[in-house]
Amino acid sequence: MAAAVTNAAKAPESETPPKPVQRWSASDYARNGRFVHELAGPIFAMLGPRPGERILDLGCGDGTLTAEIKAAGASVLGVDLSDELLAVARMKGLAVRKLDGHALDFASEFDAVFSNAALHWMRAPQLVIAGVAQALKPGGRFVGELGGHGNVAAIATAIRAVGDRRGGDPALVAPWFFPTPEEYAQLLSAGGFTVKEMALVPRPTPLRTGMEGWLRTFGRSFFDQFPEPERSEAVQEALALLHPSLCDKRGAWTADHVRLRFIALRNA
Ligand code: BEZ
């Protein structure tokens, strides 16, 4: 491991990692979450992995993009909290570790840290950014895409309404962090980065397996709090609320995704 960083911002001492809320099913994710990596072309191009680089894939999930970084000739380590998804990544022959993004323990060893569709699950962004800064070599790049302000607004509102009706746990309703570009740029600057690119991009996402698959996979922590048959009724209620906005006349569903994409360089 390389030497410890002295001039990256330190994590605020009072901040402790929030408890993870989401449990993943690898099979649900493979079926209903394919769009996550299928639509990652723009952020992968922004990363531009080069042969010989050492890259950290933060929130690597089942390793689909980790494998692409490896195929580009870089040496890549994936980290994630989900045992189920990490097991799939290991079966692909990838180097991965179970690690909370709020508690990264690397020191100046990566040329780049990459993250796709994972940072919005990490609700103490100052801790994450401090860990990324420490993990990077001076001048190293942090390239990421997460849900941005307004992401899944209709879906979150429908889940909130179902939670209100059924007395669900409010902490499980929308356990995500969807910052504005200004907010995230400010967090990066305060964390020892120079922001090079930051864009909020609406990206309506056709859901080949429908909205029920999306809710089952990404809203699992919320719906699983209800025992059957209440759980299935809650899903049907959310679908009915969403239908007028997100389902077209042919029955095709679209998720109201908004992406926040950025490149930031760790200050020397
Ligand atoms: C997203 O990729 O935008 C997303 C995924 C899970 C929950 C919420 C949003």
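## A buried cysteine in a loop

In this predicted model, Cys 60 sits in the loop that runs between strand 1 (54-58) and helix 4 (64-71). Because its relative accessibility is 8%, under the 20% that marks a residue as buried, Cys 60 counts as buried. Along the chain Cys 60 and Leu 86 are 26 residues apart, and their C-alpha atoms are separated by 8.0 Å.

## The surroundings of the ligand

The residues found around the ligand are His 120, Trp 121, Asn 151, Trp 176, Phe 178, Trp 214, Phe 218, His 257 and Arg 259. The protein covers 99% of the 250 Å² of accessible area that the ligand has on its own. Sorted by class, this shell holds five nonpolar residues, three polar ones and one charged one.

Two side chains of the shell can be described through their distances to ligand oxygen: a polar side-chain atom of Asn 151 lies 2.7 Å from an oxygen atom of the ligand, and an N or O atom in the side chain of Arg 259 is likewise 2.7 Å from an oxygen atom of the ligand.

Trp 214 and Phe 218, both listed around the ligand, are also among the buried residues of helix 9. This helix, residues 210-218, is mostly covered, with seven of its nine residues buried; the others in that buried group are Gly 210, Met 211, Gly 213, Leu 215 and Thr 217.

## The second largest pocket

The second largest pocket holds about 170 Å³ of space. Helix 1 (26-32), helix 2 (34-38) and strand 7 (205-207) are the elements that each give two or more residues to its lining. The lining residues are Arg 31, Asn 32, Arg 34, Phe 35, Glu 38, Leu 39, Thr 205, Pro 206, Leu 207, Arg 208 and Thr 209, and by class they comprise four nonpolar, three polar and four charged residues.

## Backbone features in loops

Ala 117, in the loop between strand 4 (110-116) and helix 6 (125-135), has a positive phi of about 55 degrees although it is not a glycine. Ala 117 counts as buried because its relative accessibility is 19%, which is under the 20% cut-off.

Val 152, which lies in the loop between strand 5 (136-147) and helix 7 (153-166), is a residue other than glycine with a positive phi, here near 40 degrees. With a relative accessibility of 2%, Val 152 also counts as buried.

A cis peptide bond, with omega about 5 degrees, joins Glu 228 and Pro 229, and Pro 229 belongs to the loop between helix 10 (220-223) and helix 11 (230-246).

Notes. Residues are numbered from 1 along each chain as its sequence is written. This is a predicted model: local features need pLDDT of at least 70, side-chain atom pairs count only at pLDDT 80 or more; totals for chains, interfaces and linings use all residues. Side-chain values use heavy atoms; hydrogens and water are left out. On a 1 Å grid over the protein atoms alone, a cavity is a set of points where a 1.4 Å probe fits but cannot get out, and a pocket is an open set with protein on both sides within 12 Å along at least five of seven lines; lining residues have an atom within 4 Å of a point. Grid points are joined across faces, edges and corners, and a volume is the space filled by probe spheres set on the points. Helices (H or I, at least four residues) and strands (E, at least two) are DSSP runs, numbered from the N terminus. Ala, Val, Leu, Ile, Met, Phe, Trp, Tyr, Cys and Pro count as nonpolar, Asp, Glu, Lys and Arg as charged, and the others, Gly among them, as polar. A residue is near a molecule or strand if one of its heavy atoms lies within 4 Å of it. A polar contact is a pair of N or O atoms within 3.5 Å; within protein, one must be able to donate a hydrogen and the other to accept it, and residues adjacent in sequence count only if both atoms are side-chain atoms. Accessible areas come from the Shrake-Rupley method with a 1.4 Å probe; for residues, only the protein chains shown count as cover. Buried means under 20% relative accessible area, exposed over 50%, partly exposed in between (1.4 Å probe, protein chains only).
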